[in-house]
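Please walk through this structure with the text below as a guide. The paragraphs go from helix packing to the contact between chains.

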Amino acid sequence: MIRFEHVTKTYAKTDKPALSDVSIDVAKGEFVFLVGQSGSGKSTFLRLVLREEKASSGTIHVAGKDLGTLSNWKVPELRKQVGTVFQDFRLLPNKTVFENVAFALHVLGHTKKEIAREVPEIVELVGLAEKLNRRPGELSGGEQQRVAIARAYVSRPAILIADEPTGNLDPGTSIGIMKLLDRINREGTTVVMATHDSSIVDQMRKRVIELESGHVIRDQVRGVYGYTG
Amino acid sequence: MRAGFVMSEVGIGLRRNLTMTFAVVITVAISLSLLGIGLLSNSQVRTMKDYWYDKIEVSIFLCGPLSETPSCAGGPVTAEQRLEIQQDLQELPVVQTVYYESQSEAYQRFQERFKDSAIAQNVTVDQLPESFRVKLKDPTEFAVVESAFSGRPGVDVVQDQRAILEKFFSLLNVLRDGALVIGLASVLTAALLISNTLRIAAYNRRRETTVMKLVGASSFSIQLPFLLEGLFAAIVGWGISTGILSGLKFVVDDRIAPLLTFTNFFTWNDVWVASAYLLLTGVVVSGFASVLTLRKYLKV
């Protein structure tokens, strides 16, 4: 699903590469944690997957597309197949839960009828059926993140990218979010989650890829956060 | 994206930024009006030229007892010379009509024109020259007549009335050009204002555009609502400017035309043509300003 081959990314006006000779292969349906300290290259990795940046060298394949040769006007096609969730939720404050999720479908050209059917379904999946008409400001952090996940998942992308999705949440709430991501993963979606949260990584026992200064220093099938040796 | 969704986004954008929208509409209206006034001045100058060129003549004054030009050295024009000149004139292809004005007719006309002046009493019939009044098919073909008759025995002076009007028209042309320059400068101002407004709008809605980008909207569908907002403002502004030009036309017909009877004025047709150009200008300028701004500030 995601294949990095000897990928190096050096940002303009810097000498040190943010990612250096990284090769990673994530299969369809996998759940992968991406761990490492700030500045280790996690965000660069995610930006490359979303084609917000281009690799300086090496090749990247995402959902069957070679991102090196993908033309700009085809990037939206790629992003339709990659759902994204962020630490700061990125919800639209003036829109209700329903409208926030519907926004994604509107943008993709779904009809009102489809939207009226699909949105309540996905909102129920994330456990917010009762709060369809609330605005983000009236929801807790965990609930807001559920809305963000619903929005990312409503178009059934093949890949879900989550950048520190529990970074702003307390441990109890985080567990709920992880259960939700796990459930989405079980339905066949490949999930890549960047995180600092060691307890979550330790509990989930999924594949862990650890980055340090742009290098992959660990790729472990059933890893824990603090593993060093 | 569906049209209904795009329209609702446009509506939200315009309302959220109501004062800026208002400013853009007013600026577009004023700048297009100024440009429209420039275009109408152009029509007006053209109308006046048509009106006057249609009335002007080439005068061929014949030698009289007081003529001093070399071609009059043989004394006043003879009857044969006069006849010959008339025949030659009528044979010239550029000539439309020829009218002979005798000394007594010239005297009558003179008396009429200067009837309140002391000069009228001091002029006698034989002091005024007889002449041919020639109307040309195309008033710019004066040189043909001049080269054929100037210096010919019996012809004193060949005079083109157009030369007098030209000075007047060159003044009007300067005024017209000034109006067009002011109009274009203000259209440029409007373009810059549209560009800045869209930049602010893009900044205000960066959450929405970020989300649109993330879920896989094409850059076109992200930019479209902004583009339509710019166009909307331009079209409303254009509507107002057309209203202003129509108002101007009413004022001209109602107040100015009765006072200035020596010319025609631009027609309603000129107003509609100018309005069509303004619509084109408004749409193209706002489109250009929008696309350039959005390409810079809404990178996908």
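What follows covers three helix pairs and the interface of two chains.

This is a predicted model, in which local features need pLDDT of at least 70 and side-chain atom pairs count only at pLDDT 80 or more, while totals for chains, interfaces and linings use all residues. Residues are numbered from 1 along each chain as its sequence is written, chains are lettered from A and ligands numbered from 1 in the order in which they are written, and side-chain values use heavy atoms, with hydrogens and water left out.

Begin in chain B with helix 1 (residues 3-16) and helix 9 (residues 219-256), whose axes lie 9 Å apart at an angle of about 60°. Helix 1 of chain B is therefore oblique to helix 9 of chain B. Angles under 35 degrees count as roughly parallel, over 145 as roughly antiparallel, 65 to 115 as roughly perpendicular and the rest as oblique. Helices here are DSSP runs of H or I with at least four residues, numbered from the N terminus. Axes are lines fitted to C-alpha atoms over the stretch in contact, and angles run from 0 to 180 degrees between N-to-C directions. From helix 1 of chain B, residues including B:Val6, B:Val10 and B:Leu14 meet residues of helix 9 of chain B, among them B:Leu228 and B:Phe232; contact means heavy atoms within 4.5 Å.

In chain B, helix 7 (residues 162-204) also packs with helix 10 (residues 268-297), at about 35° and with axes 9 Å apart. Among the residues in this contact are B:Ile194 and B:Leu198 of helix 7 of chain B, and B:Val285 and B:Ala289 of helix 10 of chain B.

In chain A, the axes of helix 3 (residues 97-107) and helix 5 (residues 141-153) come within 8 Å and cross at roughly 30°. That angle makes helix 3 of chain A roughly parallel to helix 5 of chain A. A:Val97, A:Asn100, A:Val101 and A:Ala104 of helix 3 of chain A meet A:Val147, A:Ala150 and A:Arg151 of helix 5 of chain A.

How many residues does each chain bring to the contact between them? Chain B gives 18 and chain A gives 23. The area buried between chain B and chain A is about 1,800 Å², and carbon and sulfur atoms give 66% of that area. Buried area is the accessible area (1.4 Å probe) that two parts lose on being put together, summed over both.

The rule finds one salt bridge across this interface, where a salt bridge is a side-chain nitrogen of Lys or Arg within 4 Å of a carboxyl oxygen of Asp or Glu. B:Glu9 forms a salt bridge with A:Lys95, with the closest N and O atoms 3.4 Å apart. B:Glu9 is also one of the helix 1 residues of chain B that meet helix 9 of chain B.
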